[in-house]
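Here's a quick tour of a few strands and one bit of surface. Have the structure open as you read.

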Amino acid sequence: YIDSRDTTFLSFSKDASNIYYSNNQLYVIDPVNDEVITIDSPSDNPSLGTSINVESPNQMFFYNDRIFIARDGYRGVEVFNSAGISMDSFSEGFTVNDIFIDEDSNYIALSCGYHGVLIYSIDSENNYNEKLAIATSFAYSSVLADDVLYVATKNGIEKIDLTEELKWDMS
């Protein structure tokens with residue numbers, strides 16, 4: 001095994017429990033300081049980039065030059081552009097454990113623990129419209145593919161066919 005203490009390339013003294021990579025940048029969630037820190041060019045010449053200020057960040061997802069950040073404490077999802085500027089928010093009142101976006105259908109699946117899974121659609125003007133609320137066991141994460149929702153729960157994987165429920169979507 002490689003000793004990771006010998007491979008640290010950037011001294012980082014903050015909580016680095018969640019890390020993401022997109023467009024040659026690392027994103028590190030720092031919930032203690034209500035921010036997401038960016039590290040530019042991590043494989044070449046790493047340097048601290050700008051930080052994104054967001055209350056209680058928990059999870060991230062990247063889609064169409066947008067950054068979706070799930071926030072703890074019933075704060076829903078906040079959407080940022082690639083420069084880290086807040087553009088929109090939705091699903092306030094829910095703690096989102098996981099975000100999944102089906103690029104083929106433009107549906108967003110938000111796994112919300114005991115509240116199940118919320119499905120939103122993204123319309124042509126980039127508005128987020130609540131489509132369905134699905135009762136499940138405690139939802140850790142979910143995937144929506146070909147109108148079938150797969151949910152990782154406390155009771156295993158739940159499979160829910162949403163073909164009928166989603167076929168009338170006109171957004």
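## β7 and β8

In this predicted model, strand β7 runs antiparallel to strand β8 (residues 86–90), and the two pair over four bridges. If you want a spot to look at in that pairing, try Val77: its bridge partner in β8 is Phe90.

The two strands make a hairpin, with four residues between them. Take a look at Gly84 in that turn, where phi is positive at about 85°.

## β7 and β6

β7 also has strand β6 (residues 66–71) as an antiparallel partner, this time over five bridges. Here Ile67 sits opposite Phe80 of β7.

This pair is a hairpin too, with five residues between β6 and β7. Its turn holds Gly73, which has a positive phi of about 70°.

## How enclosed is β7?

β7 covers residues 77–81, and four of those five residues are buried, so the strand is largely enclosed by the rest of the structure. Buried here means under 20% relative accessible area.

## A nonpolar patch on the surface

Now for the outside: Val143, Tyr150 and Ile157 make up a nonpolar surface patch of about 280 Å². Of these, Tyr150 belongs to strand β14, which spans residues 148–153.

Is Tyr150 buried or exposed, or somewhere in between? Its relative accessibility is 35%, so Tyr150 counts as partly exposed, a class that lies between the 20% cut-off for buried and the 50% one for exposed.

Methods
Residues numbered from 1 in each chain as written. Predicted model: local features only at pLDDT ≥ 70, side-chain atom pairs only at ≥ 80, totals over all residues. Heavy atoms only, no water. Patch = residues over 30% accessible without salt bridge, like charges linked within 9 Å, V, L, I, M, F, W, Y side chains within 5 Å. Areas by Shrake-Rupley, 256 points an atom, 1.4 Å probe, with all protein chains shown as cover. Salt bridge = Lys/Arg side-chain N within 4 Å of Asp/Glu carboxyl O. Buried < 20%, exposed > 50% of the residue type's maximum accessible area, 1.4 Å probe, protein only. Pairing = 2+ DSSP bridges.
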